[in-house]
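User: Hi! Could you walk me through this structure, one question at a time?

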Amino acid sequence: IEAIAADVQRLAQSVLKDNSLSDSSLYGNMKVEIRKLDQPVIIDVLFDNYIGYIEQGRKPGTGKKPPVDALRDWALARGIPADNSTLWAISTAIQRDGYEGRPILSVLEQKMEECFEREWADMLYDAITEELTDYFN
């Protein structure tokens, strides 16, 4: 399970890199956790909540302008001047022009399904077989 969780983290990082998000807080704050309930094991992939905005995108001319404060850290991380007039111009452009959504979660899900079919199912089968063999011996 730990090997699969590590693979899931690598896959998630790969999808974020493919979407030019490797220098974002979304990449830096992503976590993969293993939860063991009575029998089922759950692997959680946790992202910052703004992944929904990236996924959905924004149609031009819709919604409110993003708050200048929300853009400040983003601008500083990219070497963009973080003065109010620059951030206001960026906020206005986002509201006016919108932006295309990026399908991060669906791509991650597809890659995870491929890995399950290609290798994880065999890993789990081998682990279960080994445990059963040990139990009955």
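Analyst: Happy to. One definition before we begin: a surface patch is built from residues with over 30% relative accessible area and no salt bridge, and nonpolar side chains are joined within 5 Å. Please keep in mind that this is a predicted model.

User: With that definition in hand, what is the approximate area of the nonpolar surface patch that includes Ile128?

Analyst: Ile128 belongs to helix 6. Its partners in the nonpolar patch are Leu132, Tyr135 and Phe136. The area of this patch is about 520 Å².

User: Which residues form the negative surface patch?

Analyst: One of the members, Asp126, sits in helix 6, which covers residues 104-136. Asp and Glu are the residue types that count as negative. The full membership of the patch is Asp122, Asp126, Glu130, Glu131 and Asp134.

User: Let's step back to the whole chain. In what order do its helices and strands follow one another?

Analyst: The protein chain has 6 helices and 2 strands. Reading along the sequence gives the pattern α-α-β-β-α-α-α-α.

User: What is the radius of gyration of the protein chain?

Analyst: A useful yardstick is a compact globule of 137 residues, which would come out near 14 Å. Along the principal axes, the C-alpha atoms fill a box of roughly 75 × 25 × 25 Å. For the protein chain itself, the radius of gyration is 20 Å.

User: And what percentage of the residues is buried?

Analyst: Here the cut-off matters: a residue counts as buried when its relative accessible area is under 20%. Among the 137 residues of the protein chain, the buried share is 26%.

User: Now for the charged pairs. How far apart are the closest N and O atoms of Asp44 and Arg35?

Analyst: The search of the whole structure finds 6 salt bridges, and a pair has to come within 4 Å to count. In this pair, Asp44 is buried at 18% relative accessible area, while Arg35 is partly exposed at 38%. The closest N and O atoms of their salt bridge are 2.6 Å apart.

User: Why are Asp69 and Arg72 separated by about one helical turn?

Analyst: Asp69 and Arg72 form a salt bridge with their closest N and O atoms 3.5 Å apart. Asp69 is exposed, with a relative accessible area of 61%, whereas Arg72 is partly exposed at 25%. They are separated by about one helical turn because both lie in helix 4 (residues 68-77), at a spacing of 3 residues.

User: Which residue meets Glu119 in a salt bridge?

Analyst: Glu119 is partly exposed, with a relative accessible area of 31%. Its partner is exposed, with a relative accessible area of 51%. The N to O distance is 3.7 Å, and the partner is Arg118.

User: How far apart in space are the C-alpha atoms of Asp48 and Lys31?

Analyst: Asp48 lies in the loop between strand 2 (41-46) and helix 3 (51-56), and is partly exposed with 23% relative accessible area. In sequence, Asp48 and Lys31 are 17 residues apart. In space, their C-alpha atoms are 9.4 Å apart.

User: One last backbone question: what is the approximate phi of Ser20?

Analyst: Ser20 is in the loop between helix 1 (2-18) and helix 2 (25-29). The residue is exposed, with a relative accessible area of 56%. Its phi has a positive value although Ser20 is a residue other than glycine, and that value is near 60 degrees.

Notes: Residues numbered from 1 in each chain as written. Predicted model: local features only at pLDDT ≥ 70, side-chain atom pairs only at ≥ 80, totals over all residues. Heavy atoms only, no water. Patch = residues over 30% accessible without salt bridge, like charges linked within 9 Å, V, L, I, M, F, W, Y side chains within 5 Å. Areas by Shrake-Rupley, 256 points an atom, 1.4 Å probe, with all protein chains shown as cover. Salt bridge = Lys/Arg side-chain N within 4 Å of Asp/Glu carboxyl O. Charge placed at Lys NZ, Arg CZ, Asp CG, Glu CD. Helix = DSSP H or I, 4+ residues; strand = E, 2+ residues; numbered from the N terminus. Rg over C-alpha atoms; globule rule 2.2 N^0.38 Å. Buried < 20%, exposed > 50% of the residue type's maximum accessible area, 1.4 Å probe, protein only.
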